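The following paragraphs consider how two helices pack against each other and where enclosed space remains. Please keep the model in view while reading.

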Amino acid sequence: MNKTVKGTVILIISGIILAIIIASGIYILFGVVGIEGKRVYPESAAVNEAEANISSENTAGATVIDETATYQTMNGFGASACWWSKNAGGWENSKEILSLLYSKEDGIGLNIYRYNLGAGSVGDENIYVERSRTECFLNADGTYDFTADANAQNALAQAKELAGDDLRVTLFCNSAPVLLTKNGKAYGSAKKDNDPWESNLDKANYEAFADYCYNTADYFLNQGYKVTDISPINEPQYAWSAWYNDDGSCSMNQEGCYYTKQQAASLLNTIVKRFKNSEVDAKGCKVSMFESGAAEGEGSTAAAYIDCILGKGPKYVFRNLALRNYFDTISMHSYWSDTETKIKAAEFLSEKYSNYDVVCTEYCQMTNDENTGVYNLIAASEGGTNGMSIEYGVAMAKVIVDDLTILNAREWDWWTACSFGVYTDGLVYLNEEDHSDIQTSKRLWCLGNFSKFINEGAVRIACTSGTENLSSCAFKNTDGSTVIVYVNASENDSTTNLNHISYNNLDVYTTDETRNIEKTEINENTVNVPSQSVVTVVLK
């Protein structure tokens, strides 16, 4: 080989090596794999073996738990105060209502309260349900009035009195205050079918909105509340604009604001900058990432927003650095997502964002969501339904188990704790004409099978019921107790035995058609789980 050819070969090889080094640097820098190490949740050989041996012929299986295989640590369970508290919070029996939600003795012991920071749509008759129109702490002249929303504040105070000082409070916005929006409304202007969607908040007011979020958080913290989160962006992937009626007028059902994924990232950068290293931050209040309207995976709108806010690809690596370093959770709503969809969402998050925890911050059984498990029941109800029966509670419980075990959600919140009228969105139903008329749905008590016994700080552990069609999840509380929740959505009674579990004593609580978290007996180490029921076992 002559010198010229040899030199050419060396040059080519050197170039290849240099290209590999540069490519490797770019690969790491732009986060194709990710700068952080990937978190992998453990598997349990014992639980996997028991799952593999489940047979339809073996109706009486054995529960297996594995405390060495641990998953998420729980914040707890909660519900929203939209929009009932602005009325019922001023009723003479408001504490009785709040007790059903936040008392461990008289209710279901929720520990998370989602307080709506209203945008100031009160008086806007285009919002056709008066209860959905809200007061706002920000006045038209830019001053603040924290005596506003007095009934809602009273409901929050009573929740804290019932739940204790450790009550976690999330402040959330459906829209920026009307003082800051483009059209002076708490929703987008009406559009024709082919008109493009448009955000109702101009970038020039991002800092003012950040100040509003900061000042309201500061106020509630100074009132002695444990404000853990402020959530400024709710379901940004939807239009949230009014519609034209036949007579040319406009209507809207609630406050809301659309943001493109780039606008959402820009707004969050502004708000995070306002909060980071502040006095409010030092008191434990963090900004939540946008709340996605659905739990979806690769190729979905939800994934596109997450990529734009947390992604480390070439488009986002420097732009998103502050957000990636700040956030530790991803907020998702459980609408529109069946089990398979959630599995895909979990795979997407595991592959790209495994170091962020999931919080499921909203869900109700919307009448047009085919994934509720009660869609056919709703459709068959002439004139609508509130879904008070056990089937609705059990269907919700299955959603909770999916979210806790597939998404590893560390928080689970129902949409509106109390409701009026006819719709499947309430835990408790109220009557404005007769305040003493308080109706509890089976959803309330089925949620209580989780919230009364799984405490903040509880760690999920691997579990299987060992029985076909019997969903389960298990948690280890900080006091050492173990909680197992079983959900039987079938029409047949089921059983599971605890022969493989060591314990000193236990309590069993059943919610079914006739019982509401009622303490029930266990027969020779066998737990009875009736058809259409949720059963909680507390091992001590």
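The axes of helix 6 (residues 206–222) and helix 7 (residues 261–275) approach within 9 Å and cross at roughly 50°; axes are lines fitted to C-alpha atoms, for helices over the stretch in contact, with angles from 0 to 180 degrees between N-to-C directions. This is a predicted model, in which local features need pLDDT of at least 70 and side-chain atom pairs count only at pLDDT 80 or more, while totals for chains, interfaces and linings use all residues. Residues are numbered from 1 along each chain as its sequence is written, and side-chain values use heavy atoms, without hydrogens and water.

Helix 6 and helix 7 are therefore oblique to each other (neither under 35 degrees, nor over 145, nor 65 to 115). Their contact (heavy atoms within 4.5 Å) joins residues of helix 6, including Tyr 206, Phe 209 and Cys 213, to residues of helix 7, including Leu 267, Ile 271 and Phe 275. The contact residues comprise nine nonpolar, four polar and three charged (Ala, Val, Leu, Ile, Met, Phe, Trp, Tyr, Cys and Pro count as nonpolar, Asp, Glu, Lys and Arg as charged, and the others, Gly among them, as polar).

Attention now turns to enclosed space. One cavity of 30 Å³ or more is present (on a 1 Å grid over the protein atoms alone, a set of points where a 1.4 Å probe fits but cannot get out; lining residues have an atom within 4 Å of a point). The largest cavity has a volume of about 90 Å³, volume being the space filled by probe spheres set on the points, which are joined across faces, edges and corners. Among its lining residues are Trp 83, Lys 86, Tyr 115 and Asp 149.

Terms used
On a 1 Å grid over the protein atoms alone, a cavity is a set of points where a 1.4 Å probe fits but cannot get out, and a pocket is an open set with protein on both sides within 12 Å along at least five of seven lines; lining residues have an atom within 4 Å of a point. Helices (H or I, at least four residues) and strands (E, at least two) are DSSP runs, numbered from the N terminus.
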